[in-house]
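Subject: The structure I promised you

Hi,

Here is the structure I said I would pass on. Have a look at it first, then read my notes below.

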Amino acid sequence: MYPTLLFRSIGGFASIISGLFLGIGHLINLLGKTNDGTVLGQSLIFFGHLSLIFAFIGLFEAQGKRNGLLGNLGMLLGLIGTTFVTAVVYVEIAAVSGVNVNSILNEGVSGIIYTVGPLFFVLGMILVGISVMKEGILPFISGLCLIIGTFVFTLATFIPNAEGIISVIGGTVTGIGFIWIGKYLLSAIEETKQSNKNESFISLKR
């Protein structure tokens, strides 16, 4: 498999996995008995964000040179942001398990990551969504889902009484966007493979 197809294949599978895990993880947290979520829900969210790192790479490869300044900046912020958020969620899993993590989240470098990480992620997601809609290589609706889902999810911070349900809605819409992108990447790979086979067959006949 060519390196380009390999990146897109990994990115496609990772995109679908992250979309599913983010949506399901937030739903499980909503159904949990505590406001801090559940170990299972947070673990799914953790692996969802971890998968996003590879999803972003596949997405970047798919748009290629047409990423432009907007897409490149979005990818950079998205990668940094989701890496930081992955670390934050890992600590939050410990918190749900009963470990006191206040000193980790509120002090030093880890405190900065806890504050800046989600901001980078939100900005990156919005820019990536705009880039997807603007360039027209990936499905337009998937970019729209990334933007709407991110905006909705961000609202949860400002409406604490409805944080759980808003997080589920935002996570689900964002997840649909990534699943859509993942399915497109994988289907495009199959079309490329079939096209290469047809070209090879025609060459042999000549």
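Let's start with contacts. Take those between residues at least 6 apart in sequence: 73% of them join residues at least 24 apart. Keep in mind that this is a predicted model.

Now for the general layout. The chain has seven helices and zero strands, so the pattern along the sequence reads α-α-α-α-α-α-α. Its C-alpha trace spans about 70 × 30 × 30 Å along the principal axes. You can also check the radius of gyration: a compact globule with 206 residues would have one near 17 Å, and the chain has 19 Å, which agrees.

What about the surface? The chain exposes about 11,200 Å², and carbon and sulfur atoms supply 69% of that area. Of the 206 residues, 41% count as buried. As for charge, there are 10 positive and 9 negative side chains, and the centres of the two sets lie 17 Å apart.

Next, the inside. In soluble globular proteins, nonpolar side chains tend to be buried together. In this chain, the largest nonpolar core has 22 residues, and the ones that touch the most other members are Leu 52, Phe 56, Leu 59, Val 128 and Leu 138. Five helices each supply at least two residues of this core: α1 (3-31), α2 (39-63), α3 (68-96), α5 (108-135) and α7 (163-205). Which helix gives the largest share of the core? That is α2, with seven residues.

Val 128 is a good one to click on. Leaving aside its neighbours within four places in sequence, Val 128 is in contact with Phe 56, Leu 59, Gly 74, Met 75 and Leu 146.

I also went through a few single residues, and two of them sit in helix α1. The first I'd show you is Leu 22, which is found in α1. Is Leu 22 buried or exposed? Its relative accessible area is 6%, and buried means under 20%, so Leu 22 is buried. Not counting residues up to four places away in sequence, Leu 22 touches Ile 45, Gly 48, His 49 and Leu 52. Leu 22 and Ser 43 are 21 residues apart in sequence, and their C-alpha atoms are 9.8 Å apart in space.

His 26 is found in α1 too. With a relative accessible area of 13%, His 26 is buried. Which residues does His 26 touch, if you don't count those up to four places away in sequence? They are Ile 45, Phe 153, Ser 167, Val 168 and Gly 171. Try the distance tool on His 26 and Ile 165 as well: they are 139 residues apart along the chain, yet 8.6 Å separates their C-alpha atoms.

For a contrast, go to Thr 157, in helix α6 (residues 140-158). Thr 157 has a relative accessible area of 61%, and the cut-off for exposed is over 50%, so Thr 157 is exposed. Thr 157 and Gly 177 are 20 residues apart in sequence and 21 Å apart in space, C-alpha to C-alpha.

Last up is Glu 163, which has its place in helix α7. At 42% relative accessibility, Glu 163 counts as partly exposed. The C-alpha atoms of Glu 163 and Phe 153 are separated by 8.6 Å, and the two residues are ten apart along the chain.

That's everything from me. Write back if anything is unclear!

Cheers

Notes. Residues numbered from 1 in each chain as written. Predicted model: local features only at pLDDT ≥ 70, side-chain atom pairs only at ≥ 80, totals over all residues. Heavy atoms only, no water. Helix = DSSP H or I, 4+ residues; strand = E, 2+ residues; numbered from the N terminus. Rg over C-alpha atoms; globule rule 2.2 N^0.38 Å. Buried < 20%, exposed > 50% of the residue type's maximum accessible area, 1.4 Å probe, protein only. Contact = heavy atoms within 4.5 Å. Areas by Shrake-Rupley, 256 points an atom, 1.4 Å probe, with all protein chains shown as cover. Lys, Arg positive; Asp, Glu negative; His and termini not counted. Charge placed at Lys NZ, Arg CZ, Asp CG, Glu CD. Core = buried A, V, L, I, M, F, W, Y, C linked by side-chain atoms within 4.5 Å.
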